Number of protein chains: 2
Amino acid sequence: MTERSPAAGKPIRTAITDEDGIDFAIIELFFFAYRDFTSDPDQILADYGFGRAHHRVLHFVNRRPGLTVAELLDVLKITKQSLARVLKQLIDTDHIVQVQGLRDRRQRELYPTAKGRALALALARPQSRRIRAALEDSGTAERASIERFLEAMVNPELRAQIDIVPAQTSGKKNGDH
Amino acid sequence: MTERSPAAGKPIRTAITDEDGIDFAIIELFFFAYRDFTSDPDQILADYGFGRAHHRVLHFVNRRPGLTVAELLDVLKITKQSLARVLKQLIDTDHIVQVQGLRDRRQRELYPTAKGRALALALARPQSRRIRAALEDSGTAERASIERFLEAMVNPELRAQIDIVPAQTSGKKNGDH
DNA sequence: GGAATTACGTCAGTACTGTTGACGTAATTT
DNA sequence: AAATTACGTCAACAGTACTGACGTAATTCC
C-alpha cells in the first residue's frame, strides 16, 4: 500500500531539462526571487492584520493618489468584491480616504492619509533595500537591462499602466506652466 | 456621508516619490512582471481544476525527481498540510507517483509520470516563450545580468536550493565514470 | 532491545484572497 | 425620461495558506 498505486504510471527518474528550449533556469529564479521579495513586507503586514492585498492597494493609492475604484480594479486585475473587503479595512483604519470626484460625483477618488503614506513607505523599504543589494555591483547599463527585461515580461496591452506614474526622476515636477 | 469619514486623516494628494531612496520603479515592475508571468499557466491549470500550488509541486518534482516530501516542503516554504491536499490530487490523477525510499523506507520519493512530465512541460512552455520574447534583443551579457540580479534577490541562505538542479547545460550528464 | 526521534499522513479548525452573480443607488449621459 | 455608469454590498463558494494535534512506521540513539 505504501509502494505505489495499482495502475499508476511509471516514475520518470530523469530531471526535466532545457530540452524543447524551455528556460527553466529563469523560470525558477523568478519564482524564488518573487517569493523572497514579498516575504519582507508580509511580516510587517502581519502586525497590522493585513495581507498582501492590502499592500498592493496601499501601494497603488500612494503611487497614483486620486485614482478611482475602477482604475484600481484595472491595475490590480481583481474583482470588485475582492477589492471591497480590503479597501474597506484600509478606510476604516484610516490609511486611505475617499473623496467624491469633482468632475464626476459618482467616482470615489482614493487618497492615502499620513498614516497610509507611512505604512506604504515602511513596506517598500525592505523591498527597496533588497533591490539595492541585488544591484550592488551593477552599473546603470545593467540596471537598464533589468528594467527593460521586467517591462518586456508584462503583457503589451498593460504596459501603459506602468507609465501612469508621474515621471519624477527628471526635473519635470508638477505644474504644467 | 459619501464625502469622507468624520475624523479621518487628510488626503495626501502628492504621489509617493523616490524620496528616501525607495526604488518604486523596480518594485512595481516586479509586481506586474510576475503577475503576467503566472497568468499563462493559470489558464491551462484551470482546465485541470488545478491551481498555482499544483504547478509549483509539479515543477519541482520534475526538476528534482526523487526528492522527498520534506525536501519539497523546504523548497516551497509551505506547511505539510498545505502540500498534502495538492500532492494527493496530483497522485490521484496520476501525475506524480511515490516510491518508498531505498536508504530510508520512511521517505517517499516523488517522481513525475509521463503524464506529469507532459503537463509540467505544457505549463512551462508559455512562460519560457514570454522569457524568450523579453530577452529577444538581449545578448548573453544582458542575460547574465538578469540571472545575477534574480539570484541576488533570493535570500542568501536559500540560494543553495537553486543549485540543486543537476547542471546539464554542459556535457556533464549522468553517470560518474 | 527499548526509547526517542524522524518522515509522513491526516484530522480539525481557521484566515486571506480570489471568484461569480445579483441587486440597489446615485449621478451622468443619451 | 430612459439607459448607462460608478460604486457599494450581499450571498455563496473555491483555492491556498496557517496552527496544532495525533497516529504509524522506520530509524537512530543509548
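This is a chat about how the protein chains meet two DNA strands in a predicted model.

Visitor: Hi! Anything to know before I start?

Guide: Residues are numbered from 1 along each chain as its sequence is written, while chains are lettered from A and ligands numbered from 1 in the order in which they are written. The model is predicted, so to speak of local features takes pLDDT of at least 70 and side-chain atom pairs count only at pLDDT 80 or more, whereas totals for chains, interfaces and linings use all residues; side-chain values use heavy atoms, with hydrogens and water left out.

Visitor: Great. Which residues come nearest to DNA strand D?

Guide: Gln98(A), Arg106(A), Gly51(B), Arg56(B) and Thr79(B), out of 25 residues around the strand. A residue is near a strand if one of its heavy atoms lies within 4 Å of it.

Visitor: And what does the protein meet there, backbone or bases?

Guide: Of the strand D atoms within 4 Å of the protein, 60% belong to sugar or phosphate, and the rest to bases.

Visitor: Which side chain has an N or O atom 2.7 Å from a base oxygen of strand D?

Guide: That is Lys80(A). It is a polar contact, meaning a pair of N or O atoms within 3.5 Å; within protein, one must be able to donate a hydrogen and the other to accept it, and residues adjacent in sequence count only if both atoms are side-chain atoms. On the phosphate side, an N or O atom in the Arg56(B) side chain is 2.4 Å from a phosphate oxygen of strand D, and for the Ser82(B) side chain the distance is 2.9 Å.

Visitor: Which element gives the most to the surface near strand D?

Guide: H2(B), with four residues. Helices (H or I, at least four residues) and strands (E, at least two) are DSSP runs, numbered from the N terminus.

Visitor: Now strand C. Which residues are closest?

Guide: Gly51(A), Arg56(A), Ser82(A), Gln98(B) and Arg106(B), among 25 that surround DNA strand C.

Visitor: What polar contacts are there?

Guide: Among them, an N or O atom in the Arg106(B) side chain is 2.4 Å from a base oxygen of strand C. Backbone atoms take part too: a backbone N or O atom of Ala70(B) lies 2.8 Å from a phosphate oxygen, and a polar backbone atom of Ala53(A) is 3.2 Å from a phosphate oxygen.

Visitor: How do the residues near strand C divide by type?

Guide: Five nonpolar, nine polar and eleven charged. Here Ala, Val, Leu, Ile, Met, Phe, Trp, Tyr, Cys and Pro count as nonpolar, Asp, Glu, Lys and Arg as charged, and the others, Gly among them, as polar.
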